[in-house]
Structures are given as structure tokens and as C-alpha cells.
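Visitor: Hey, got a minute to walk me through this one?
Guide: Sure, let's pull it up.

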Amino acid sequence: MKELDDKTRRHFIKNAVTGAAAISFGGILPGFSAKSYANILGANDRIRVAMMGVNSRGLALANNFSMQPNCEVTYVCDVDSRAADKCIGQVEKIQNKRPKAEPDFRKALEYKDVDALVVAAPDHWHAPAAILASKAGKHVYLEKPCSHNPNEGEILLAVTNKYKNVIQMGNQRRSWPNVVAAITELHGGVIGRPYFAKTWYANNRPSIGIGKEAAVPSWLNFDLWQGPAPRTAYKDNILHYNWHWFWNWGTGEALNNGTHMVDIARWGLGVDYPTKVTSAGGRYRYQDDWQTPDTQVMTLEFGNKASITWEGRSCNSRNVEGASVGVIFYGENGTLQIDGGNSYAIHDLNNKLVKEVKNDMKVDARSLTSPSQALDALHINNFFDAIKKGTSLNSDILSGHQSTLLVQLGNIAQRTGSTLDIDPKNGHILNNKEALKYWSRTYQKGWEPNV
């Protein structure tokens, strides 16, 4: 079995840690040049960022960005004044300079001391916020998923082509050294031709109950929180995390955690758009307000070349292959498994362990906020290098959209109860009017995204 020798692997890991282009697998943006961005960088050459959405994951990102010596967090934008105050206090301690509060991120986009917007707001805000930032001449670090629906993803592609800004999606494993090394080995033929990837995520989330309409808390601007989404009454079981399980704002476990592993699967198999998509599952564990599946198995077929499955179990945390989250590639000569950490293992067809590369950094795949701060810093610095040096992004918006689209198609198949036939040239749904209703969404009037 062909292996990547230790010297070569160390070379890849070294390049990953330094953010070098040698491990950058995302394509450089059309028309991109480092020179074209020189005029929007700070005089001290630090990238100045505004943080949008800082209650949980966004707070971890704000801390991580502020720890980077080539960055300054200048504004904290959140509709929850308590979350904003907490974030401002933590960031001030880290960077020794107090960021300003700007509850409405749209105002922060007008300021000259903002080079980039970090979007960690709920999913329904991801693409609309990135689009507005692009129009304002800002770069964007966009947490996954890059969009709430496929149409928004295509608008993002058009936006980057028009405004030539940098948008990095936050599927951070694209920058984790041992994950990069694993994919490099896979592409080098270590298990022969890989043709099937199994991905999964398992957790034990509690019921969210039946929500009651209540007065909007004084600390919350609920109208701005809803933003592009059609207005609904405030209920006491939506904020802050449970919005993931409501279609109006969230995208379910498939895009919440499935995006990460399906992205690695697509990357490893070297596929873009599928030919057929199916999904089975439902809200099985509890009877409550949770709308998206808590149990789901989707299958993505890529002609006669390859297939990907994703198994999501939100309410049963039994591990698969010893891991709560992961991906296994099956090939002609063996298997390669990447779990939720920065590690991988290779087995031959006789189930003999051929090689194991372990992680030397702590990773908690089930953490809701910061599973892997030190590793994620590599992804952040790749974003900075793309802005300052023209380095290729490890997760540009094209690859981000392609991976996000796979799980979006799985959700559409689930919601329509149908098998989707897909155009492999662009990922579009063929001959299914019911499914096409989910290609976009209804927006609150005046909030429709456009190029």
C-alpha cells in the first residue's frame, strides 16, 4: 500500500502551520490580486474586523481573532446587548484595546476601520450579511453553512466575481494539518481509488419543549435578529441555540454539523455536484417544536463514480467507528478514517491497521462553541494571508457552496419525500417542481439578497 513518508508529511504539516500556499486546496478567486486589496488594509498592516453574532460560536471566534497578532477586533455587533458586553470585555483583555459596540452590523460596514466582517450569526443571516459586506468592500469570514438555501449560495458566487473580495467559509478542517495530510495520502493512492465515503455526527441533545409566546426581552432586538426571515412571534424556546431546529432560521443538524464531514468527503473523493440525492429520517426522539430531523440518513450519488452518505443522530450519542463525528473513505485497497480530531487511520482490506496519525492538540467535536481553537487559528490566518498576500484560500466560496449544496439537497429530498435528479454540471434540481420551491426561500419584504 502506497504511503506518504514521514518526511513528506512533516513538510505538509509545517506548511499548514505557517499558512503556506503549498497545502491550499481552494482555488484563487477570479480576478484576485493582493495589490488590489492593499488600499483597504490598516496602516499598521493589521486586519481590522467586525464580529457579527457573538453569543456562543461567535464569542469563541472573537477571542481567536483577537489573539492573532496581525488582527484587531474593532467592532462587536450583536442584537443581544448582554452577549455584546461579554464579548467586548473578553476581547479587550486579550488585545489590550476595547472594541466598540455597534448593534447593527450594517453600520459597521460603513466604517473605514473595518477591513473584514466575521459572520457567526444564525444561518438565515449568513449569505445576506456576506453579500452586504461584499458590496461595502469588505472581506468576509463566513461560518458554515455559507447559505440558508442554494439560491443564496449562487448569489455569493456572483458577488465574489463582481466585487473581487475574499470570502472564506469556516469549515476549518480544510486547514488542519493532519486532515490535509490524510487527504493528500488519499489523493496519492494510499487506498487505491476511493469510491465511497461514509460520514456521521452523533449527539444527545435534549428536547426543546413547546414554546410559549412571550414579550421580547429588553436586551434583544428581535426584529433585527430575524432580519431577512419572515416575521414570527417571539417564543421562549428559540434563542439562543434552538433556532437551528426551525426551518425559518436554521438548517438542521445536516448543515449544522454535517457540512464539515460532507465537505471532507467531497474533497477526498474529488467530486463536485451529484447526480441523485435521497434522504430518510424525521423528528423521532421527542414530540416538541423541533422541526428539522433529529435522525437522518442522506445518500449522494455521483454517477457511477462515487457516493457519499451522511448519518445524523441528534438524540443518540452512540459512536460510529469509535468516534462521535467522522468520515471513512472506502477504496480499492483499504479504508482511510478521519475522525472529529486532527487525526486519521488507514486499514487494509484485511482490517489490519497500516498507519495511524494521532492528534497532539485537544479537540472536542461536540463542543458548541470552540472545539479546536489552536487548529482553527490556522484557518483564520489562511484568510488573512489571502487578503494580504493573495494566498489561495483553503475554503473559498466556490468549494464552500459546493459542499453546502450537497447537504441542502439532502434536506430538500427529506422535506419533499422524493428522490432528486441533479444536473452534475451545476447541482441544479431536474424535473421536480415541489423540490424547486426549496431552492430559494420567502424573505421579509425589503430584505431580498441580490448582486
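Visitor: Is Cys315 buried or exposed?
Guide: Cys315 is buried, with a relative accessible area of 11%. Buried means under 20% relative accessible area, exposed over 50% and partly exposed in between, using a 1.4 Å probe and protein chains only. Before we go on, this is a predicted model, where local features need pLDDT of at least 70 and side-chain atom pairs count only at pLDDT 80 or more, while totals for chains, interfaces and linings use all residues. Residues are numbered from 1 along each chain as its sequence is written, and side-chain values use heavy atoms, with hydrogens and water left out.

Visitor: And what about Cys146, buried or exposed?
Guide: Cys146 counts as buried, at 0% relative accessibility.

Visitor: How many disulfides are there?
Guide: Zero. The rule for a disulfide is a pair of cysteine sulfur atoms within 2.5 Å.

Visitor: OK, sheets. What's the strand order in the open sheet of six?
Guide: β3-β2-β1-β4-β5-β6, with parallel pairing. Strands are DSSP runs of E with at least two residues, helices are runs of H or I with at least four, and both are numbered from the N terminus. Two strands pair if DSSP finds at least two bridges between them.

Visitor: Which strands stand at its edges?
Guide: β3 (100–101) and β6 (167–169); each has a single partner strand, so one side of each is left without a neighbour in the sheet. For β6, three bridges join it to β5 (residues 139–142), and Val140 has Ile167 as its bridge partner there.

Visitor: What comes after β6?
Guide: A loop between β6 and α7 (177–187), and Asn171 lies in it. Asn171 is buried, with a relative accessible area of 1%. Its side chain makes a 2.8 Å polar contact with the side chain of Asp263. A polar contact is a pair of N or O atoms within 3.5 Å; within protein, one must be able to donate a hydrogen and the other to accept it, and residues adjacent in sequence count only if both atoms are side-chain atoms.

Visitor: How does the ten-strand sheet run?
Guide: That open sheet goes β14-β13-β12-β11-β7-β10-β9-β8-β15-β16, with mixed pairing. Its edge strands are β14 (353–357) and β16 (429–430), each pairing on one side only. Inside the order, β7 (residues 194–202) and β11 (residues 325–331) are antiparallel over seven bridges, with Tyr201 opposite Val325.

Visitor: How many residues sit between β13 and β14 in the hairpin?
Guide: Four, and Asn351 in the turn has a positive phi of about 65 degrees, although Asn351 is not a glycine. Asn351 is exposed, at 66% relative accessible area.

Visitor: Where are the cis peptide bonds?
Guide: One joins Lys144 and Pro145, with omega about -10 degrees; Pro145 is in the loop between β5 and α6 (150–163). Another joins Leu239 and His240, with omega about 10 degrees.

Visitor: Switching again: what's the volume of the largest pocket?
Guide: About 290 Å³. On a 1 Å grid over the protein atoms alone, a pocket is an open set of points where a 1.4 Å probe fits, with protein on both sides within 12 Å along at least five of seven lines, and lining residues have an atom within 4 Å of a point. The volume is the space filled by probe spheres set on the points, which are joined across faces, edges and corners.

Visitor: Which residues lie nearest its centre?
Guide: His148, Trp247, Arg415, Tyr438 and Ser440, out of 17 lining residues. Helix α12 (residues 397–416) gives the largest share of the lining, four residues.
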